[in-house]
Amino acid sequence: YDERWTPTQVEHCYTWHPSNITDQVDMYGSGGLYPGDGFVMDVPLSLVEADSQLSDLQTWHWIDQATRAVIVELNTLNPNVNMITNIRLLFEFLPSGQIRATTNVFAFRTIWLSLSVMMDDDLPLFVYHVAIVALFSVWSSYVFWTIKKTGPVTWFSYMWNVVDLVGI
């Protein structure tokens, strides 16, 4: 860095962190693979603080000639449809001087995050999932028990047994 002093509110942004600290996964772009480690800035919830911090980072050259990529990650919740969306924006600074943007969006329903045991619209779906898991477990146990009982060579010699195993 060419500056000798950095404002204290952005000093943590100039510290490199490994991916096990940032909890980020690798992201593929047109310029290569970008690992989850690097320099991190968490945007404050206050608009005034966020604007001040971004302005300080711009003034103190947080993004400079050596920056290969900037990844912006957003998590949103839409309670109307019970969906959480993870959005990752990758801005690559290619050697040719071009800036290329890549977007990854991953959305999933909140039902997969916790058990739905309250009386609402998701209770029948929860009961259905429990029944499917139970039936799958019973069927798998039965198939493996018959393999053990008859012996693998005899069991696999019947085509329909193989079909049953593939169905699992």
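The protein chain has a radius of gyration of 26 Å, whereas a compact globule of 168 residues would have one near 15 Å. The radius is taken over C-alpha atoms, and the globule rule is 2.2 Å times the number of residues to the power 0.38. The structure is a predicted model, in which local features need pLDDT of at least 70 and side-chain atom pairs count only at pLDDT 80 or more, while totals for chains, interfaces and linings use all residues. Residues are numbered from 1 along each chain as its sequence is written, and side-chain values use heavy atoms, with hydrogens and water left out.

**The whole chain**

Begin with the complete C-alpha trace, which spans about 75 × 45 × 25 Å along its principal axes. Colour the protein chain by secondary structure to show five helices and seven strands. Helices (H or I, at least four residues) and strands (E, at least two) are DSSP runs, numbered from the N terminus. From that end, the elements run β-α-β-β-β-α-β-β-β-α-α-α. Of the 168 residues, 20% count as buried. Buried means under 20% relative accessible area, exposed over 50%, and partly exposed in between, with a 1.4 Å probe and protein chains only.

**First stop: proline 35**

Select proline 35, in the loop between β3 (32–34) and β4 (38–39). Proline 35 is partly exposed because its relative accessibility is 39%. Next, add valine 25, which lies 10 residues away along the chain; the C-alpha atoms of the two residues are separated by 6.6 Å.

**Second stop: helix α2**

Select residues 47–59, the 13 residues of helix α2. At 1.5 Å a residue, this helix should span 18 Å, and its end C-alpha atoms are indeed 18 Å apart. The expected span is 1.5 Å times one less than the number of residues.

Which residues of α2 are buried? They are Ala50, Gln53, Asp56 and Leu57. Seen down the axis of α2, these buried residues fall within an arc of 130 degrees, so they line one face of the helix. The arc is that of the directions from the helix axis to the C-beta atoms. On the other side of α2, Leu47, Val48, Asp51 and Gln58 are exposed. Just after the helix, select histidine 61, which takes a positive phi of about 55 degrees.

**Third stop: the sheet β5-β6-β7**

Now display the three strands that form an open sheet in the order β5-β6-β7, with antiparallel pairing. Why is one side of β5 and of β7 left without a neighbour in the sheet? Strands β5 (69–78) and β7 (99–109) stand at the edges, and each has a single partner strand, so one side of each remains free of a neighbour there. The twist averages 15 degrees from one strand to the next. For this angle, axes are lines fitted to C-alpha atoms, for helices over the stretch in contact, and angles run from 0 to 180 degrees between N-to-C directions.

Strands of a sheet pair through backbone hydrogen bonds, either parallel or antiparallel. Here two strands pair if DSSP finds at least two bridges between them. Zoom in on β5 and strand β6 (residues 83–93), which pair in the antiparallel sense over 10 bridges. Valine 72 stands opposite leucine 89 in β6, and leucine 74 has isoleucine 87 of β6 as its bridge partner. Follow the chain between β5 and β6 to see a hairpin with four residues between the strands. Asparagine 82, in the turn, has a positive phi of about 55 degrees.

**Fourth stop: helix α3 and the aromatic rings**

Select helix α3 (residues 123–150), and within it tyrosine 142 and tryptophan 145, three residues apart, about one turn of the helix. Rings of Phe, Tyr and Trp (its six-membered ring) pair if their centres lie within 6.5 Å; planes under 30 degrees apart count as stacked, over 60 as edge-to-face and the rest as tilted. By this rule there are four aromatic pairs. Tyrosine 142 and tryptophan 145 form a tilted pair, 6.3 Å centre to centre with 35 degrees between the planes. Both are partly exposed: tyrosine 142 has a relative accessible area of 45%, and tryptophan 145 has 49%. Next, show the rings of tryptophan 155 and phenylalanine 156, whose centres are 5.0 Å apart and whose planes lie at 85 degrees, so the pair is edge-to-face. Tryptophan 155 is buried at 4% relative accessibility, whereas phenylalanine 156 is partly exposed at 42%. Add Trp139 to the selection as well: Trp139, Tyr142 and Trp145 form one aromatic cluster.

**Last stop: serine 137**

Finally, select serine 137, also in helix α3. Serine 137 is partly exposed, with a relative accessible area of 36%. Its C-alpha atom is separated by 9.7 Å from that of isoleucine 168, 31 residues apart along the chain.
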